[in-house]
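Here are my notes on the model, point by point. Please read them with the coordinates open.

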Amino acid sequence: MRYAHSLGSMSSSRMDKKLKGPLDFINIILEILEHILTWPDSEDESLVSMPFILIKLEKKHQRAYIVKSSQIVSFAFPFNVYNKIDSSTGLKHWHVHYKDLAVTTSVISECKGLYSDIVSNKNKTYQEISASQDLARNEVQNAIKLFEALMYLEPGYVRYDYDPQFVNGHKHPLNHLDMNYIPSHHYKLGLHGRLTLKIVEDLIDNDTDSWYIAKYKESKSEIKNRLRLVENPKKRKHKR
């Protein structure tokens with residue numbers, strides 16, 4: 001199944017924050033779950049306006065894609081998403097499950113409260129903070145289960161960027177993939193051109209042919225130009 005929906009200005013701004021650690025990843029997952037539970041319906045993928053989110057749920061491929069004009073972010077999304085018509089009201093309601101755990105708006109709210117407590121109490125351990133919650137409430141117990149599942153989840157994070165603002169030769173190529181999000185574990189793979197969502201999906205999909213990579217080889221003219229700039233720093237400065 002594939003579900004697409006426009007993020008809108010408010011949701012997009014909340015998801016624009018740069019991921020730097022596991023807590024950032026958990027927070028963005030919670031934002032997406034909340035967005036799914038409150039959207040009226042999935043949109044036609046060919047007509048949805050950017051920025052939008054695509055949830056792709058297949059047996060071997062459960063991922064979320066956040067698609068913008070110059071960026072595509074993807075990561076693991078191990079949830080079951082479906083809609084059901086309420087027999088009493090006739091209205092469509094969206095449901096999310098993580099294994100046998102029903103992810104409701106109440107559970108998400110408790111998860112966000114737990115997230116805020118961790119962020120604001122850096123001198124306390126997670127065990128201390130989770131133990132201080134109201135464990136008599138089912139929503140809190142389910143929130144802790146969900147939060148801990150996300151803590152141990154392998155994110156499988158990859159981000160495609162078209163980045164004319166910070167391009168810097170082969171160190172920061174115009175088109176590149178950012179692998180991982182923790183600064184000390186992060187690295188880039190340069191690309192020869194722009195990627196579409198379809199191409200990014202193909203890259204990640206284990207059922208399609210693998211991609212091959214190689215260190216970029218400069219052409220003779222590129223080498224000549226680089227050496228000329230090194231030998232003539234004044235001319236390089238003038239060109240800038």
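1. Start with a cut-off. A residue counts as buried when its relative accessible area is under 20%, and as exposed when that area is over 50%. The model is a predicted one, and the points below should be read with that in mind.

2. Apply the cut-off to H5. Its relative accessible area is 11%, so H5 is buried. The residue sits in strand β1, which covers residues 2-6.

3. What does the side chain of H5 make a polar contact with? The partner is the side chain of H35, at 3.3 Å. Leaving out residues up to four places away in sequence, H5 touches H35, W39, P40, D41, E43, V48, F52 and I53.

4. H35 leads to helix α2, where H35 is one of the buried residues. The helix spans residues 22-38, 17 residues in total. From first C-alpha to last it reaches 25 Å, close to the 24 Å expected at 1.5 Å a residue.

5. Is α2 mostly covered or mostly open? Mostly covered: twelve of its 17 residues are buried. Among them are F25, the run from I26 through N27 to I28, and also E31. I29, L30, I32, L33, I36 and L37 are buried too. As background, an α-helix has 3.6 residues a turn, so residues three or four places apart point the same way.

6. Now the aromatic rings. The structure holds eight aromatic pairs. One of them joins Y126 and F147 and is stacked, with 6.1 Å centre to centre and 10° between the planes. Y126 lies in helix α4 (residues 126-131) and F147 in helix α5 (residues 138-152), so this pair ties together parts that are 21 residues apart in sequence. Both Y126 and F147 are buried.

7. Two further ring features deserve a look. F25, listed above as buried in α2, belongs to one aromatic cluster with F75, Y157 and Y181. Separately, R194 lies over the face of Y162, at 3.8 Å from the ring centre.

8. Last, the chain as a whole. It has eight helices and ten strands. Of its 240 residues, 38% are buried. The exposed surface is about 15300 Å², and carbon and sulfur atoms supply 52% of it. Among contacts between residues at least 6 apart in sequence, 56% join residues at least 24 apart.

How values were computed: Residues numbered from 1 in each chain as written. Predicted model: local features only at pLDDT ≥ 70, side-chain atom pairs only at ≥ 80, totals over all residues. Heavy atoms only, no water. Helix = DSSP H or I, 4+ residues; strand = E, 2+ residues; numbered from the N terminus. Buried < 20%, exposed > 50% of the residue type's maximum accessible area, 1.4 Å probe, protein only. Contact = heavy atoms within 4.5 Å. Areas by Shrake-Rupley, 256 points an atom, 1.4 Å probe, with all protein chains shown as cover. Polar contact = N/O pair within 3.5 Å; in protein donor to acceptor, adjacent residues only side chain to side chain. Phe/Tyr/Trp six-rings, centres within 6.5 Å; stacked < 30°, edge-to-face > 60°. Lys NZ or Arg CZ within 6 Å of the ring centre and 35° of its normal. Expected span 1.5 Å × (residues − 1).
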